[in-house]
Amino acid sequence: MDYKEFDHIKEKLQNSLDSTRYEHTLGVMYTAGSLAMAYGQDIRQAMLAGLLHDCAKCISLDEMVQWCDKYNFQISEMERGSKNLLHAKAGAVMAEQEYHINDREILQAITWHCTGKPDMSTLDKMVYIADFIEPGRKEAKNLDKIRKLAFDDLDACMAQITYDILSYLKSKGYEIDPATEETYHFYKECRKEID
């Protein structure tokens with residue numbers, strides 16, 4: 001693994017993210033790498049995807065839309081109005097254009113780390129899950145159980161995380177991105193009772 005590549009990206013990210021987001025990013029990078037080790041996947045690929053997953057998080061919504069429009073990245077009307085959703089797709093564009101990542105699997109994992117999608121690759125699932133369970137996360141329901149589940153069964157972990165996210169969003173009356181619901185429906189048969 002070329003650590004100089006990581007050092008260069010980390011330095012650039014440290015200058016573009018606030019300190020809390022940067023710490024979260026490092027947590028996701030190491031967690032994704034740990035999952036890759038546990039599942040016999042490419043560690044470098046997982047760590048790069050984890051490191052860059054939130055690279056667009058601290059730019060404005062207008063800038064996110066501009067990045068996606070400039071590079072013809074299709075986004076929904078719901079995404080156009082939500083930084084929380086759009087940062088994933090804008091991040092994939094930025095990872096390619098600003099950080100010179102041309103690995104399609106890494107870019108796809110960044111694209112779907114926020115909402116998920118049906119039939120995700122192992123890398124997609126590892127980054128999605130790492131974003132949810134990294135050590136700095138403290139508030140999610142069932143977090144300790146989900147962290148253990150992540151190293152036992154990725155699909156069951158996807159089912160539980162999406163179930164908990166949908167339950168939370170519905171309880172608060174928040175609008176739900178259809179991709180999150182589609183993701184849950186794809187993985188729901190894998191869900192194990194952990195409550």
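**The largest pocket holds about 1100 Å³ of space.** Of its 33 lining residues, Cys114, Phe132, Ile165, Tyr168 and Leu169 sit closest to the centre. What you're looking at is a predicted model, so local features need pLDDT of at least 70 and side-chain atom pairs count only at pLDDT 80 or more, while totals for chains, interfaces and linings use all residues. Residues are numbered from 1 along each chain as its sequence is written, and side-chain values use heavy atoms, with hydrogens and water left out. A pocket here is an open set of points on a 1 Å grid over the protein atoms alone, with protein on both sides within 12 Å along at least five of seven lines, and a lining residue has an atom within 4 Å of a point. Points are joined across faces, edges and corners, and the volume is the space filled by probe spheres set on them.

**Helices supply a good part of the pocket lining, and H10 has the largest share.** Helix H10 (154–172) gives seven residues to the lining. Helix H2, helix H6 (83–97) and H8 each supply at least two, as does H10. The helices are DSSP runs (H or I, at least four residues), numbered from the N terminus.

**There's also a cavity, with a volume of about 40 Å³.** A search of the whole structure turns up one cavity of 30 Å³ or more. A cavity is a set of grid points where a 1.4 Å probe fits but cannot get out. Around the largest cavity you'll find Glu79, Leu85, Ala88, Lys89, Thr111, Trp112, Cys114 and Thr115. Helix H6 provides the largest share of this lining, three residues.

**Zoom in on Thr111, one of the residues lining that cavity.** Thr111 belongs to helix H7 and is buried, at 9% relative accessible area. Buried means under 20%, exposed means over 50%, and partly exposed is in between (1.4 Å probe, protein chains only). The Thr111 side chain makes a polar contact with the backbone oxygen of Leu107, at 2.8 Å. A polar contact is a pair of N or O atoms within 3.5 Å; within protein, one must be able to donate a hydrogen and the other to accept it, and residues adjacent in sequence count only if both atoms are side-chain atoms. Setting aside residues up to four places away in sequence, Thr111 touches Phe73, Ala88, Lys89 and Ala92. Contact just means heavy atoms within 4.5 Å.

**Here's the largest nonpolar core, with 57 residues.** Such a core is a set of buried Ala, Val, Leu, Ile, Met, Phe, Trp, Tyr and Cys residues joined through side-chain atoms within 4.5 Å. Ile9, Leu13, Leu52, Ile101, Leu123 and Ile129 touch the most other members. Helix H8 (residues 122–133) gives the most to the core, with eight residues. Follow Leu13: beyond its neighbours within four places in sequence, Leu13 meets Tyr22, Thr25, Leu51, Leu52, Cys55 and Tyr99.

**Now for helix H2, which runs over residues 19–39.** At 1.5 Å a residue, its 21 residues should span 30 Å, and the end C-alpha atoms are indeed 30 Å apart. That expected span is 1.5 Å times one less than the number of residues. Near the start of H2, a side-chain oxygen of Asp18 comes within 3.2 Å of the backbone nitrogen of Thr20. After H2 comes Gly40, with a positive phi near 65°. Plenty of H2 is buried, including Tyr22, His24, Leu26, Met29 and Leu35. Among the elements covering these buried residues are helix H1 (3–16), helix H3 (43–52), H8 and helix H9 (143–150).

**Thr25 sits within helix H2.** Thr25 is buried, with a relative accessible area of 0%. Leaving out neighbours within four places in sequence, its contacts are Leu13, Leu17, Gly50, Leu51, His53 and Asp54. Thr25 and Asp54 are 29 residues apart in sequence, yet 6.8 Å apart in space, C-alpha to C-alpha.

**Last up, a look at Asn72 and Asp119, two exposed loop residues.** Asn72 is in the loop between H4 and helix H5 (77–80), and its relative accessible area is 70%. Asp119 is in the loop between helix H7 (104–111) and H8, at 55% relative accessibility. Asn72 isn't a glycine, but its phi is positive, about 55°. Asp119 isn't a glycine either, and has a positive phi of about 55°.
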